[in-house]
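Biologist: I would like a close look at a single part of this protein. Please take the salt bridges, and explain each term as you use it.

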Amino acid sequence: QVQLVESGGQLVQTGGSLTLSCAASGRTFTSYAMGWFRRFPGKEREFVSAINWSSGNTYYADSVKGRFTISRDNAPNTVYLQMNSLKPEDTAVYYCAARSNPHYYWQPRERAYYDYWGQGTQVTVSP
């Protein structure tokens, strides 16, 4: 029922900025949390940022804190990732994730917490 579609990934120079967008669609979409993960070659997806949909509280990985900002819109359900001061080590495939099913715990930094994922969008930061 739920589909997540990322957009905005592209080539950008070191120090530049980029905004990713993730639109959630579905007849009965309900979100408890939405987040961003990224995957480097040969590695598992790692946590980047997340937002509690009800409270608006935000969470960041140490590697992006102070540079990236997550935000959301309620109608339509959309999450954004504003990325500033980009570095070559930020180069990765970025995935949008959503927790739609009721949960018994709050672990938005964990991949297993999310039940829906987008297809990913490539961000490449050139030296």
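Modeller: What follows goes through the salt bridges one pair at a time. This is a predicted model, in which local features need pLDDT of at least 70 and side-chain atom pairs count only at pLDDT 80 or more, while totals for chains, interfaces and linings use all residues. Residues are numbered from 1 along each chain as its sequence is written, and side-chain values use heavy atoms, with hydrogens and water left out.

Side chains of opposite charge can pair when their charged atoms come close. A salt bridge here is a side-chain nitrogen of Lys or Arg within 4 Å of a carboxyl oxygen of Asp or Glu. The count by this rule is 4 salt bridges.

Take Arg38 and Glu46 to begin with. They form a salt bridge in which the closest N and O atoms are 3.3 Å apart. To describe how each residue sits, I use relative accessible area: buried means under 20%, exposed over 50%, and partly exposed in between (1.4 Å probe, protein chains only). Arg38 is buried, at 3%, whereas Glu46 is partly exposed, at 29%.

Another salt bridge joins the side chains of Arg111 and Glu44, with 2.9 Å from N to O. Arg111 lies in the loop between strand S9 (92-99) and strand S10 (116-117), and Glu44 in the loop between strand S4 (33-39) and strand S5 (46-52), so this pair ties together parts that are 67 residues apart in sequence. The strand labels come from DSSP runs, numbered from the N terminus: helices are H or I with at least four residues, and strands are E with at least two. Arg111 is partly exposed, with a relative accessible area of 36%, and Glu44 is exposed, at 57%.

Asp90 and Arg67 also form a salt bridge, their closest N and O atoms being 2.8 Å apart. This pair links distant parts of the chain, 23 residues apart: Asp90 is in the loop between strand S8 (78-83) and S9, and Arg67 is in the loop between strand S6 (58-60) and strand S7 (68-73). Asp90 counts as buried, with 1% relative accessibility. Arg67 counts as buried too, with 11%. Through salt bridges that share partners, Arg38, Glu46, Arg67 and Asp90 are joined into one network.
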